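Here is a quick tour for anyone meeting this structure for the first time. Have a look at it, then read on.

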Amino acid sequence: MNLSEGSVESRKELPNKSLLLAACAACIGGTFQYGYNVSVINAPTVYVHDFINQTWRERYETGISKDVLTLLWSTIVSIFTIGGFIGVTIGGTLSMKLGRKGTLLTNNIFALVAALLMGLSYPTGLFELLIIGRFFTGINAGIGICVQPLYLGEIAPTAFRGAMGMGTSIFITGGILTGQVIGLKELLGREEYWPILLSTTCIPAILQLLILPWFPESPRYLLIDKGDEEGCKKALKQLHGVADCVGEQEEIQKEKNNLAGFQAKKPWELFTDRSMRWQLLTIILLNATQQLNGINAIYFYADYVFNQSGIPEDTIPYVTVGTGACECITALTCGMLIECLGRKVLIAGGYTLMSICCILFTLTLSFQNVSPVFPYLSMACVFAFILSFGLGPGGVTNILTTELFTQTTRPAAYMIAGSVNWSSFFFISLVFPFTVIGLQQYCFLVFLAICSSVAVYIFLVVPETKNKTFLEIQNDFQSSSNRKTRSADGAGATLLSTSI
């Protein structure tokens, strides 16, 4: 009897192998592409500048001005964010029409077209193809970062939803690290290889097209949205195993019954739904802060700090790879801790540690020339900030976007969250250089205010979602909202009676 109980317990300690493979198949062509295309563009910067200069001279028989060159390069880099914004605005709609899996597979068309265009830019002498290619990679990344977390959240059993959801963060950081490594001179970081380097975005797309079709559509989508009870049962058996599929199907059926008569909401309908206002405010705040918390500033300052620490110029790319590896390892660590410590502790703790790092980094940068010790302390702050970000905000934000909403509101919530995230990404890219010029190292005091404010908000407002079903989480928020309303009404009544 004890032996039997032990074997059942051990099975529950680890998710089904098929579930893990399905998650990897979804992530490799999803958020991995986002991370990869964010980092891979950095390595060939000088070579692309030379290519644009050479092409311009051949066309117009004159050299390109520095301002025009900067504008074209900025367009190549920043059009990725515009494509991403468009991707998230259509991702939720596509996930309802084509299904989560169907949308992920269709999304690879954008990656393949982008790879072809960027690969052909050099032989054809058309730098405009780089701009169009980066735009398509942005659309691919936007759809992926919207739909892939949806798929992971819906195929995962309640007990593993947090750990599975961390796949989003793990594969983003894995993509960033892979882009940094492949961009080294020993691999594809040399001048003659840069068109091939940018075309490698087709490899994750091809891998997903080969692997993901072997795994089922989201069971929740099949039962709640399509009413396919048999398809849901078959999907659950493949993903969770025969022993666990009955309980999971009952939970999905319960959610379906609770949502009977409700249609999938559009993004603008969420803004008018008073029962969703705290969930909506939470994901808007968390997704904006994910970009505005200073992580981009840390990467901006990293090269300067490494230089000041005496690291040779030609060695800095390898140290930068170290920062990518650091973030990737932290995301893996968060994946292992999230079901133990819970979402709230990790994300609030992460923002608290980032606030402390902002203070220390401002101090060490201010006293950079006072002692030879301070550059090394600054370098420690860089790694500490990255570790703090990866431990909570980097991974838990996407999980909460999945967990705070039910089936009819989740796609719209992801469209809103993604739009806020990409808009904030574009905003920080545009404003940050001016912030650094104006405030210099004191810009981290702005990030201190942002991180500490969000940590307080999470502590006061966001409930713990660990080991709770989507309906239980919704009820927690509604109960909290009702308490706030009653409290406000009570305060109003007291004020009225006092005035009388």
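## A charge over a ring

Let's start with a small detail. Lys-344 sits over the face of Phe-459, and the distance to the ring centre is 5.9 Å. Keep in mind while you browse that this is a predicted model.

## The chain as a whole

Now zoom out. The protein chain has 23 helices, and the number of strands is zero. There are 500 residues in the protein chain, and buried ones make up 53% of them.

What about contacts along the sequence? Taking the contacts in the protein chain with a separation of 6 or more, 83% come from residues 24 or more positions apart. As for the outside, the accessible surface of the protein chain is about 22000 Å², and carbon and sulfur atoms account for 67% of that.

## Rings that pair up

How many aromatic pairs are there? The count comes to 14. One of them joins Tyr-34 and Trp-422, an edge-to-face pair with 5.4 Å centre to centre and 85° between the planes. Tyr-34 belongs to helix 3 (residues 31–39) and Trp-422 to helix 21 (residues 410–439), so this pair ties together parts that lie 388 residues apart in sequence. Are these two residues buried or exposed? Tyr-34 is buried, at 10% relative accessible area, and Trp-422 is buried too, at 2%.

Another pair is made by Phe-367 and Phe-374: the ring centres are 6.0 Å apart and the planes meet at 40°, so this one counts as tilted. Phe-367 is partly exposed, with 41% relative accessibility. Phe-374 is also partly exposed, with a relative accessible area of 22%.

Back to Tyr-34 and Trp-422 for a moment: together with Phe-80 and Phe-425, they form one aromatic cluster.

## Cysteines on their own

How many disulfides does a search of the whole structure find? The result is zero. Take Cys-358, which is in no disulfide: the nearest cysteine sulfur belongs to Cys-451 and is 4.9 Å away. A disulfide needs the two sulfur atoms within 2.5 Å, so that distance does not qualify.

Where do the cysteines sit with respect to the surface? Cys-358 is buried, at 0% relative accessibility, whereas Cys-340 is exposed, with a relative accessible area of 54%.

Key. Residues numbered from 1 in each chain as written. Predicted model: local features only at pLDDT ≥ 70, side-chain atom pairs only at ≥ 80, totals over all residues. Heavy atoms only, no water. Phe/Tyr/Trp six-rings, centres within 6.5 Å; stacked < 30°, edge-to-face > 60°. Helix = DSSP H or I, 4+ residues; strand = E, 2+ residues; numbered from the N terminus. Buried < 20%, exposed > 50% of the residue type's maximum accessible area, 1.4 Å probe, protein only. Lys NZ or Arg CZ within 6 Å of the ring centre and 35° of its normal. Contact = heavy atoms within 4.5 Å. Areas by Shrake-Rupley, 256 points an atom, 1.4 Å probe, with all protein chains shown as cover.
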